[in-house]
Amino acid sequence: MLAIADANVRDHPEDKSLANMSCFARGRYGFDVENAMPYCNVAVDGTGRQGWTLVNRGRVELALGLYKEALADFNEALGNKEMTERIVAQAAEVYLLAPDAFAAMIDKEHAFWSGVVKKLNLQME
């Protein structure tokens, strides 16, 4: 899977979402994380620091023990309410949630990421 993803990045350098996929696969599944940062940085810088790219890079940074860097990326992603709302909006479309349930999902998503940030803060102390 990584070989295919990395080949796509090389073959289509204009498509930064492909670099994000290489970053995601490494951070999500813990494969080859020591070689992930170049892909992650291209994805973050090439997409205007979109929330998804920051979360994926943060996962890799956690795996590498770069807690301060991961915390900074997660904080930036957490502050990107558009990202959270997009995630929840996609879920709402699938499940056809009522407006109150939709609002509750947004709150839950923010609470989850706040917990991740709190845990990172504790680990760095």
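Me: Is E61 buried or exposed?

Reply: This is a predicted model, and in it E61 is buried, with a relative accessible area of 4%. The side chain of E61 has a partner: E61 and R57 meet in a salt bridge, at 3.6 Å from N to O.

Me: Where do R57 and E61 sit with respect to each other?

Reply: Both belong to helix α4, four residues apart, so about one helical turn separates R57 from E61. R57 counts as buried too, at 9% relative accessibility. M37 touches both of them, along with V60 and L64, when residues up to four places away in sequence are not counted.

Me: What secondary structure does the chain have as a whole?

Reply: There are seven helices and zero strands. Of the 125 residues in the chain, 36% are buried. Among contacts between residues at least 6 apart in sequence, 51% join residues at least 24 apart. The accessible surface comes to about 7400 Å², and carbon and sulfur atoms hold 57% of that.

Me: How do I read the burial pattern of one helix? Which residues of α1 are buried?

Reply: List the buried positions, then look down the axis. In α1 the buried residues are L2, A5, D6 and V9. Seen down the axis of α1, they fall within an arc of 95°, so they line one face of the helix. The face turned away from that buried side carries the exposed residues A3, I4 and D11.

Me: What covers the buried residues of α1?

Reply: The cover includes α2 (16–29) and α3 (37–46). S22, found in helix α2, gives a detailed case. S22 touches L2, A5, D6 and V9, and also Y39, leaving aside residues up to four places away in sequence. S22 counts as buried, at 0% relative accessibility.

Me: How should I read a nonpolar core? Which residues form the largest one?

Reply: The general idea is that in soluble globular proteins, nonpolar side chains tend to be buried together. Here the largest nonpolar core has nine residues: V9, A19, C23, A36, M37, Y39, C40, A43 and V60. At least two of its residues come from α2, and at least two from α3. The most is given by α3, with four residues. Another core, of six residues, lies apart from it and has V44, V55, F74 and A77 among its members.

Me: Which nonpolar residues form a patch on the surface?

Reply: M1, Y29 and F31 do, with about 360 Å² of accessible area together. M1 lies in the segment before α1 (2–11) and is exposed, with a relative accessible area of 62%.

Me: How do I read salt bridges, and how many are counted?

Reply: Side chains of opposite charge can pair when their charged atoms come close. The count here comes to six salt bridges. One of them joins the side chains of R26 and D32, at 3.0 Å from N to O. A network of salt bridges links D6, R26 and D32.

Me: What are the surroundings of R26?

Reply: R26 is in helix α2 and is buried, with a relative accessible area of 2%. Not counting residues up to four places away in sequence, R26 touches L2, D6, F31, D32, V33, N35, A36, Y39 and V60. D32, its salt-bridge partner, is partly exposed, with a relative accessible area of 25%.

Me: What does the salt bridge of R49 and E76 tie together?

Reply: R49 lies in the loop between α3 and α4, and E76 in helix α5 (residues 67–78), so the pair ties together parts that are 27 residues apart in sequence. The bridge spans 2.8 Å, N to O. R49 counts as partly exposed at 34% relative accessibility, and E76 counts as partly exposed at 33%.

Me: What about backbone angles? What is the phi of R49?

Reply: Most residues other than glycine have a negative phi. R49 has a positive phi of about 60° although it is not a glycine. D32 is another non-glycine residue with a positive phi, of about 50°. D32 is found in the loop between α2 and α3, while R49 is in the loop between α3 and α4 (51–63).

Notes:
Residues are numbered from 1 along each chain as its sequence is written. This is a predicted model: local features need pLDDT of at least 70, side-chain atom pairs count only at pLDDT 80 or more; totals for chains, interfaces and linings use all residues. Side-chain values use heavy atoms; hydrogens and water are left out. Patches are made of residues with over 30% relative accessible area and no salt bridge: like charges are joined within 9 Å, nonpolar side chains (Val, Leu, Ile, Met, Phe, Trp, Tyr) within 5 Å. Accessible areas come from the Shrake-Rupley method with a 1.4 Å probe; for residues, only the protein chains shown count as cover. A salt bridge is a side-chain nitrogen of Lys or Arg within 4 Å of a carboxyl oxygen of Asp or Glu. Buried means under 20% relative accessible area, exposed over 50%, partly exposed in between (1.4 Å probe, protein chains only). The arc is that of the directions from the helix axis to the C-beta atoms. Contact means heavy atoms within 4.5 Å. A nonpolar core is a set of buried Ala, Val, Leu, Ile, Met, Phe, Trp, Tyr and Cys residues joined through side-chain atoms within 4.5 Å.
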